[in-house]
Each structure stands twice: as structure tokens, then as C-alpha cells.
Amino acid sequence: MLGLVFIVSRLFFPLYEVDGASMDYTLQDGQRVIGTNQFEVNRFDIVIIDVPELNKYYVKRVIGLPGDKIAYKNDCLYINDKFVPESYLNDKKEEWSLLTRDFLIEKIPEGEYFVLGDNRRNSIDSRQLGTIKEANILSELLAIYWPLNQMTVLSH
């Protein structure tokens with residue numbers, strides 16, 4: 001019975017370890033997180049993506065959905081020409097003068113998503129990789145479970 005519980009939990013609630021600083025301060029190197037494989041991709045979800053060309057998994061935040069126009073200008077996010085505040089970056093904006101260089105994505109293809117790391121100065125994301133196919137989004141992260149003193153539910 002215990003084996004069945006373990007298998008079911010791994011299939012539906014996979015565990016990951018954060019490797020690197022691309023999601024600082026939201027997630028930190030070495031933290032352990034739990035995800036779900038049963039989810040719908042929504043804007044600002046924190047997800048695990050598979051990048052087969054690099055044979056790596058990355059943790060990123062979903063910024064753009066299929067059909068969206070995404071622009072960054074003067075460190076401000078615009079989705080479909082409307083300013084969208086990014087409260088999860090507030091701590092970093094005070095610390096750094098420029099988080100994200102200006103760019104423009106005219107239209108995200110159907111079935112694909114634009115993802116960024118929260119640590120925009122130190123992240124491999126859609127700016128380098130291009131948009132991510134929905135099939136390559138493996139899991140939505142739900143919570144940090146280790147270390148225990150940092151345990152928290154992840155929200156978007």
C-alpha cells in the first residue's frame with residue numbers, strides 16, 4: 001500500500017530541487033518544491049519546463065499566453081499593449097536599476113508560452129530559448145517544502 005501511495009504521489013505531485021539563481025527571490029538555490037502534473041497553464045504560474053535541446057529542466061514564471069503580444073520597455077511589462085505590474089519583482093527593482101532589457105514579441109504562437117525567470121539578470125528563459133511548447137511545461141509548482149523554515153505555498 002505504501003508503495004502505491006508513493007507511486008501515485010510521484011505521478012501527480014512530483015518533487016523538484018531548485019538549481020541556480022534564476023528565480024531569486026521567489027525561489028532559491030537548493031530549495032525543494034512540490035508541483036502538480038494536473039494543471040491548466042495560467043499567466044504568472046511558476047512552472048517546470050523541459051528544454052530537450054539542452055537536456056535540462058528549468059523553473060520559470062509564465063508571462064505570455066498563446067496569442068499575446070509581450071513587450072518590455074523601461075523595466076515595465078506590457079501585455080497586449082496594457083501595463084501589467086509585477087509585484088513579485090518589487091524587492092529587486094529597489095536593488096537593481098535595470099532588471100529586463102527592452103524587447104518586443106509581436107505574437108506568441110498557439111500552443112506556446114513565453115516564460116521568464118524572476119531574476120531577469122541571471123536567467124535562461126524565453127528571451128534566449130524562444131517560446132515554450134505546452135507539451136514541454138511539465139508541472140506547476142505548488143509549494144516550497146524544504147527547508148522547513150522556508151515552507152510556503154507559492155501563489156501567482
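These questions and answers walk through a predicted model.

Visitor: Why is Ser 126 called buried?
Guide: Its relative accessibility is 5%. Buried means under 20%. Therefore Ser 126 counts as buried.

Visitor: Where is Ser 126, and what does its side chain reach?
Guide: Ser 126 is in helix H3, residues 126-129. Its side chain reaches the backbone oxygen of Gly 130 at 3.0 Å.

Visitor: What makes that a polar contact?
Guide: The cut-off for a pair of N or O atoms is 3.5 Å. The Ser 126 side chain and the Gly 130 backbone oxygen are at 3.0 Å, within that limit.

Visitor: Which residues does Ser 126 touch, not counting those up to four places away in sequence?
Guide: Ser 126 touches Tyr 113, Phe 114, Val 115, Thr 131 and Ile 132. Phe 114 also appears in the largest nonpolar core, among the residues with the most contacts inside it.

Visitor: What else is in that largest core?
Guide: The core has 13 residues. Phe 44, Ile 63, Ile 70, Tyr 72 and Leu 77 are also among those with the most contacts inside it. Strands E5 (70-73), E6 (76-79) and E9 (112-116) each supply at least two residues. Another core, of 11 residues, lies apart from it and includes Tyr 16, Ile 46, Ile 144 and Leu 154.

Visitor: Asn 74 and Asp 75 both lie in the loop between E5 and E6. Which is buried and which is exposed?
Guide: Asn 74 has 58% relative accessibility, and exposed means over 50%, so Asn 74 counts as exposed. Asp 75 has 9%, under the 20% limit, so Asp 75 counts as buried.

Visitor: What makes their phi angles worth a remark?
Guide: Most residues other than glycine have a negative phi. Asn 74 has a positive phi of about 55°. Phi of Asp 75 is near 65°, also positive.

Visitor: Why is Trp 146 called partly exposed?
Guide: Its relative accessible area is 46%. Partly exposed lies between the 20% and 50% limits, so the term fits Trp 146. Trp 146 is in strand E11, residues 137-146.

Visitor: What patch does Trp 146 help form?
Guide: With Leu 148 and Met 151, Trp 146 forms a nonpolar patch on the surface. Together they have about 360 Å² of accessible area.

Visitor: How do you know that the bond between Trp 146 and Pro 147 is cis?
Guide: Its omega is about 0°. Most peptide bonds are trans. Pro 147 is in the loop between E11 and strand E12 (152-153).

Methods. Residues numbered from 1 in each chain as written. Predicted model: local features only at pLDDT ≥ 70, side-chain atom pairs only at ≥ 80, totals over all residues. Heavy atoms only, no water. Patch = residues over 30% accessible without salt bridge, like charges linked within 9 Å, V, L, I, M, F, W, Y side chains within 5 Å. Areas by Shrake-Rupley, 256 points an atom, 1.4 Å probe, with all protein chains shown as cover. Salt bridge = Lys/Arg side-chain N within 4 Å of Asp/Glu carboxyl O. Helix = DSSP H or I, 4+ residues; strand = E, 2+ residues; numbered from the N terminus. Buried < 20%, exposed > 50% of the residue type's maximum accessible area, 1.4 Å probe, protein only. Polar contact = N/O pair within 3.5 Å; in protein donor to acceptor, adjacent residues only side chain to side chain. Contact = heavy atoms within 4.5 Å. Core = buried A, V, L, I, M, F, W, Y, C linked by side-chain atoms within 4.5 Å.
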